[in-house]
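The exercises below ask you to work through a protein model and its ligands step by step. Try each task before reading its solution.

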Amino acid sequence: MIKVGLLGCGNVAHVIAKETEGFSIKACFDLMPRRAEEISKLTGAGSFSSFEEFIKEDLDIVVEAASVTAVHEFAREVLENGKDIVILSVGALADPGLKNELKDTAKRTGRKIYIPSGAIMGLDNLKIGRISNISKLLLRTTKNPRSLGIETDKKTMVFSGRADECIRQFPKNINVAIALELATGHDVEVELWADPDLQRNTHEIIVEGDFGNFYLKIENKPCPDNPATSYLAALSIITLLRNLEEPIKIGT
Ligand SMILES: NC(=O)C1=CN([C@@H]2O[C@H](COP(=O)(O)OP(=O)(O)OC[C@H]3O[C@@H](n4cnc5c(N)ncnc54)[C@H](OP(=O)(O)O)[C@@H]3O)[C@@H](O)[C@H]2O)C=CC1
Ligand SMILES: O=C([O-])CC(=O)C(=O)O
């Protein structure tokens, strides 16, 4: 059975820890020891507040569900220590230097970097953007202002522009934009809206290209402990882990 390490023991990690059919959580690490201990109680995994100790454990794959900063700090070391990695805080890869460094390290060490679909759907077939022209790629994300850490009493556009600039300003809220860029190989135009009347994290994806047109709207239920994060993001990682050993691979 696949041996998993959890890097970051917050909201997503807690959802994963309750659904471990098909894999086994062996170690968990968080800067806050209490959070790692909670996961340890749920799963029997070893709990660590030192990354150096955590990464010495016998693990096949590390799931990063921590922060963009944590990817900068630890992702390369995960690969260097002979483990694959799932990166949920994919906004970190908006930095081309880090992206190339991780890609080179994975190639050299023979490890894999997995980017889950996270809080959106449709990422699989958008990879056709690498072989066929895409002329428009827009992500419109709308969240309750409390998810964005701002206050407003009316629907307000808080950002319009490039995905890499948006993730710099909202590192906990717009990772999906960078996942779209990595999948398609194209820049994403981002609109970020705050709407006090909205309780679900809503992502609209609008694509035009040689294949035709595509429009997707997803209305995600937020996780109970972190309204900025959609429950779907945690489900997406559980699905990825369960599918790793499946002989039939579904989706492009
Ligand atoms: N790609 C996608 O579609 C999505 C991506 N995300 C991203 O996934 C990540 C996890 O989300 P979620 O579980 O809700 O976040 P939480 O804030 O609930 O949990 C993250 C945990 O990781 C800890 N942490 C943060 N930085 C570090 C670090 N450098 N080293 C060790 N521990 C660290 C946090 O501690 P502390 O609180 O002290 O910082 C916290 O305990 C976030 O970055 C989020 O933005 C979320 C949803 C969708
Ligand atoms: O969970 C979501 O809806 C999206 C999110 O936070 C992100 O992309 O960072």
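**Exercise 1.** Describe the secondary-structure content and the end-to-end C-alpha distance over residues 153-238, and state what UniProt lists for this range.

*Solution.* In this predicted model, residues 153-238 are 29% helix and 44% strand. The C-alpha atoms at the two ends of that range are 36 Å apart. For the annotation we turn to the record, where an unreviewed UniProt entry lists residues 153-238 under "domain: Aspartate dehydrogenase".

**Exercise 2.** Work out which elements and residue classes make up the shell around ligand 2, and then which polar contacts the ligand's oxygen atoms make.

*Solution.* Begin with the neighbours, which include Lys143, Asn173, Val176, Asn201 and Ser230. By class, the shell divides into four nonpolar, six polar and two charged residues. Next, assign the shell to elements: helix H8 (175-184), strand E10 (201-209) and strand E13 (226-230) each supply at least two residues, and E13 gives the most, with three.

Then take the contacts, for which the cut-off is a pair of N or O atoms within 3.5 Å. A side-chain N or O atom of histidine 203 is 2.8 Å from an oxygen atom of ligand 2, while the backbone contributes a polar atom of isoleucine 174 at 3.2 Å from a ligand oxygen and a polar atom of lysine 172 at 3.4 Å from a ligand oxygen. The protein covers 95% of the 270 Å² of accessible area that ligand 2 has on its own. Finally, ligand 2 is placed in the second largest pocket.

**Exercise 3.** Repeat the analysis for ligand 1, covering its shell, its polar contacts and the pocket in which it lies.

*Solution.* The shell holds 28 residues, the closest being Asp30, Arg35, Ser67, Ser89 and Thr229, and it divides into 15 nonpolar, nine polar and four charged residues. Helix H1 (11-17), helix H4 (68-80), H8 and E13 each supply at least two of these residues, with H4 giving the most, namely three.

Among the contacts, a polar side-chain atom of serine 89 lies 2.7 Å from an oxygen atom of ligand 1. Backbone atoms also take part: a polar one of valine 12 is 2.9 Å from a ligand oxygen, and an N or O atom of alanine 119 lies 3.0 Å from a ligand oxygen. Taken alone, ligand 1 exposes 930 Å², of which the protein buries 85%. The last step locates the ligand, and the space that ligand 1 takes is the second largest pocket.

Methods: Residues are numbered from 1 along each chain as its sequence is written. Chains are lettered from A and ligands numbered from 1 in the order in which they are written. This is a predicted model: local features need pLDDT of at least 70, side-chain atom pairs count only at pLDDT 80 or more; totals for chains, interfaces and linings use all residues. Side-chain values use heavy atoms; hydrogens and water are left out. A residue is near a molecule or strand if one of its heavy atoms lies within 4 Å of it. A polar contact is a pair of N or O atoms within 3.5 Å; within protein, one must be able to donate a hydrogen and the other to accept it, and residues adjacent in sequence count only if both atoms are side-chain atoms. Accessible areas come from the Shrake-Rupley method with a 1.4 Å probe; for residues, only the protein chains shown count as cover. On a 1 Å grid over the protein atoms alone, a cavity is a set of points where a 1.4 Å probe fits but cannot get out, and a pocket is an open set with protein on both sides within 12 Å along at least five of seven lines; lining residues have an atom within 4 Å of a point. A molecule sits in a cavity or pocket if more than half of its atoms lie within 2 Å of its grid points. Helices (H or I, at least four residues) and strands (E, at least two) are DSSP runs, numbered from the N terminus. Ala, Val, Leu, Ile, Met, Phe, Trp, Tyr, Cys and Pro count as nonpolar, Asp, Glu, Lys and Arg as charged, and the others, Gly among them, as polar. UniProt positions are given in the numbering used here, feature names are shortened, and annotations may be inferred rather than shown by experiment.
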